[in-house]
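Trainee: I would like to learn how to read the features of a model like this one. Please take the domains, then the contacts, then the backbone.

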Amino acid sequence: MFDIQKVRNDFPLLQNTIYKRPVVYLDNAATTQKPRIVIDNTAEYLSKYNSNIHRGVHYLSEKMTEAYESARQTVKNFIGAAHHHEIIFTSGTTESINLVAFSFGEAFVEAGDEIVVSQMEHHSNIVPWQMLCERKNAHLKVLPITYTGELNMTALTSVVTNRTKLIAITHVSNSLGTINPIKEMIQFAHARSIPVLIDGAQGIQHQPVNVQELDCDFYVFSGHKIYGPTGIGVLYGKEKWLEKMPPYKGGGDMIKTVTFEKTIYNDLPFKFEAGTTNFIGAVGLATALRYLNDIGRADILKYEEELYSYALQKMQTIDYVRIIGTAEHKTSIISFLLQNIHPFDTGMMLDKMDIAVRTGNHCTQPLMKFFGIEGTVRVSFAFYNTIEEVDYLVESLKKVKQLFS
Ligand code: PMP
């Protein structure tokens, strides 16, 4: 069974006192803390096996290559991909989306074509598509949302046209916590032969993900948001697309042969992994995923759901809290405003009470514009947070309110 105290003991940072008490870390959507096993395993590989992968014949290089390719296998199994070569290691969600925007764009997007994103996307899932559209003279179209913070699915039929080349949508909104109906979206798109990219930066750690069941064409996420190291991320792509997409970066490892006249590119997945990759990060990410599996994904998700409903229900009962985003299906994130208090001031005061939250527009300026606000206070949970921490947050919000009035 899920043992919260044992889980908390696995995370060294959670034991640290910042001012007066151990930190109440509620900024997990920005980045998650790392379990000791990830820290130790990363240090072990650095101190015992560090060596560049793929190119060496010596023991260390073989060991490191083996660990890197086994990490790819771990990711493949974690998301239920059909083939290991459909897993491309990148530096994170941002790079994964840029890779697809560039490379898919080169292969499939022409002047007059359209890319569809939604009103609630993170800048990372807007700007790369905008850059593609500028390059190709294509158009970026926006699927509207409702005031509850849900995708307006009925608008799909007018936003998506026979010029739509790809739909890019977030699994879970990093500003609202909305869980989008991605399966329905993918079915709608596939009925029109349109591929779909899912931004899983906030989805993978809080929702079960099986890319074959979802049938998504691309699924991207960052290691650091799922208890792994920074600087490592994943692009899952269906073989049928990745095979047809040109490389995004040129350099070592992505080639079979090079002459000044012509270069023959390597096979998948190496075609998209130019230069020295973050092999230590990949091993750290795989360790994090195995750690989650060992605890039990189902138990983690169940605990998270209980904690989240408790927090949401508590926050909803405070009359001076305005929650932004009231979708029916939400997870892990609560964005809110305290009446007449600037989000920044709320965040600063909470910090002094040892509570780490994020304030601002959360890299979703178009979404903030839609709600007519500059930003919010965002609390975001992980499975190491507790009911007691939620109670402490609620008490502290009361204090903030009192101090400002
Ligand atoms: N998409 C979403 C929904 C996110 O929450 C984030 C991170 N805040 C990103 C993309 C970008 O992730 P990264 O900075 O790790 O590349």
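Mentor: The turns below go through those topics in that order.

Mentor: This is a predicted model, in which local features need pLDDT of at least 70 and side-chain atom pairs count only at pLDDT 80 or more, while totals for chains, interfaces and linings use all residues. Residues are numbered from 1 along each chain as its sequence is written, and side-chain values use heavy atoms, with hydrogens and water left out.

Trainee: Which residues does the domain assignment give to domain 1 and to domain 2?

Mentor: Domain bounds come from an automatic or database domain assignment. Here domain 1 is 4–30 + 296–404 and domain 2 is 40–293. Their centres, taken over C-alpha atoms, are 28 Å apart. Domain 1 brings 36 residues to the contact and domain 2 brings 34 residues, where contact means heavy atoms within 4.5 Å.

Trainee: What is the area buried between domain 1 and domain 2?

Mentor: Buried area is the accessible area (1.4 Å probe) that two parts lose on being put together, summed over both. For domain 1 and domain 2 the value is about 2900 Å², with 55% from carbon and sulfur atoms. Of the area that domain 1 buries against domain 2, 23% comes from Arg297, Leu367 and Phe370, more than any other three residues supply.

Trainee: How many salt bridges and polar contacts cross the interface?

Mentor: Side chains of opposite charge can pair when their charged atoms come close. A salt bridge needs a side-chain nitrogen of Lys or Arg within 4 Å of a carboxyl oxygen of Asp or Glu. The rule finds 0 salt bridges across the interface of domain 1 and domain 2. It finds 24 residue pairs in polar contact there, both at pLDDT 80 or more. A polar contact is a pair of N or O atoms within 3.5 Å; within protein, one must be able to donate a hydrogen and the other to accept it, and residues adjacent in sequence count only if both atoms are side-chain atoms.

Trainee: Which side chains meet in a salt bridge at 2.6 Å, N to O?

Mentor: The structure's count comes to 18 salt bridges, and Glu95 and Lys249 form one of 2.6 Å, N to O. Glu95 lies in helix H4 and Lys249 in the loop between helix H9 and strand E9, so the pair ties together parts 154 residues apart in sequence. Helices (H or I, at least four residues) and strands (E, at least two) are DSSP runs, numbered from the N terminus.

Trainee: Where are the cis peptide bond and the positive phi?

Mentor: Most residues other than glycine have a negative phi, and most peptide bonds are trans. A cis peptide bond joins Leu268 and Pro269, with omega about 0°. Pro269 lies in the loop between strand E10 and helix H10. Ser332 has a positive phi, near 60°, and lies in the loop between strand E11 and E12.
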